[in-house]
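Hi,

Here is the structure I promised to pass on to you. Have a look at it first, and then read my notes below.

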Amino acid sequence: MAMITADPQDVPKVDSFSFTPEYMAKVNEVIANYPPGRQASAVIGVLDLAQRQQGWLPRAAMDEVARILQMAPIRVYEIATFYTMFHLKPKGRYLLQVCTTTPCWLRGSEAVMKACQEAADGTTFSVQEVECLGACVNAPVVQINDDFYEDLDAASTRRVLDAFRRGETPKPGPQVDRQTSAPEGGPTTLKGE
Ligand code: FES
């Protein structure tokens, strides 16, 4: 299982990092959300942009964020190492965050996790076990990069992952026949005039 850790042995050396012009424009937009002199408040948003550009957060990227926001580097490291959304070593192109908290577990997250672990190669897919993703009504749930895939079982998980492998983007949301959290197969109440 490809876990996301900060074990120094797993971290390739990245000597320098700078934002591309496109990402720098987004960085400036995030900073502009805060009053002058309060640019440090943008640190999470700017770290997120660095991670989206690089795929993970090498120390050089954190140092560049500190420089742009005029923060002591240690303050940026503290934030990047605290939040699990930041990855301090390379991960696969698709991060499979599998919820195994009670509602998802009761609905079969073990089989979903197994299907994800079988697919995890550290390059295309990485797996991370997470606590409740806040979508229990559609359990079991896996967050894949920015989207939720819901109402999964082993077969539908494999179907979704196969589609990503082929370069497609499968439709997020329920993987059974229901709209959002409505009953499977369509409405069952309030159907009259
Ligand atoms: S328990 Fe899995 S989304 Fe809440």
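What follows is a short tour, from the overall layout to the nonpolar cores.

Please keep in mind that this is a predicted model. The C-alpha trace spans about 60 × 45 × 30 Å along its principal axes. In secondary structure, the chain has 7 helices and 5 strands. Read from the N terminus, their order is α-α-α-α-β-α-α-β-β-β-α-β. Of the 193 residues, 28% count as buried. If you take the contacts between residues at least 6 apart in sequence, 63% of them join residues at least 24 apart.

Now to the interior. The largest nonpolar core holds 22 residues, and the members that touch the most others in it are L96, V98, V112, C116 and V142. Two or more residues each come from β1 (94–99), α6 (109–119), β2 (125–130), β3 (142–144) and α7 (154–165). Of these elements, α6 is the biggest contributor, with 5 residues.

V112 is a good place to start if you want to look around this core. Which residues does V112 touch, leaving aside those up to four places away in sequence? They are V98, P140, V142, L152, D153, A154 and T157. Two of those names, V98 and V142, also appear among the core members with the most contacts to other members.

There is also another core, lying apart from the one above, with 17 residues. F19, V27, A61 and L69 are among them.

Happy to talk it through whenever suits you.

Best wishes

Note on methods. Residues are numbered from 1 along each chain as its sequence is written. This is a predicted model: local features need pLDDT of at least 70, side-chain atom pairs count only at pLDDT 80 or more; totals for chains, interfaces and linings use all residues. A nonpolar core is a set of buried Ala, Val, Leu, Ile, Met, Phe, Trp, Tyr and Cys residues joined through C-beta atoms within 7 Å. A residue is buried if 20 or more other C-beta atoms lie within 10 Å of its own, exposed if 12 or fewer, and partly exposed in between; C-beta atoms are placed from the backbone. Helices (H or I, at least four residues) and strands (E, at least two) are DSSP runs, numbered from the N terminus. Two residues are in contact if their C-beta atoms, placed from the backbone, lie within 7 Å.
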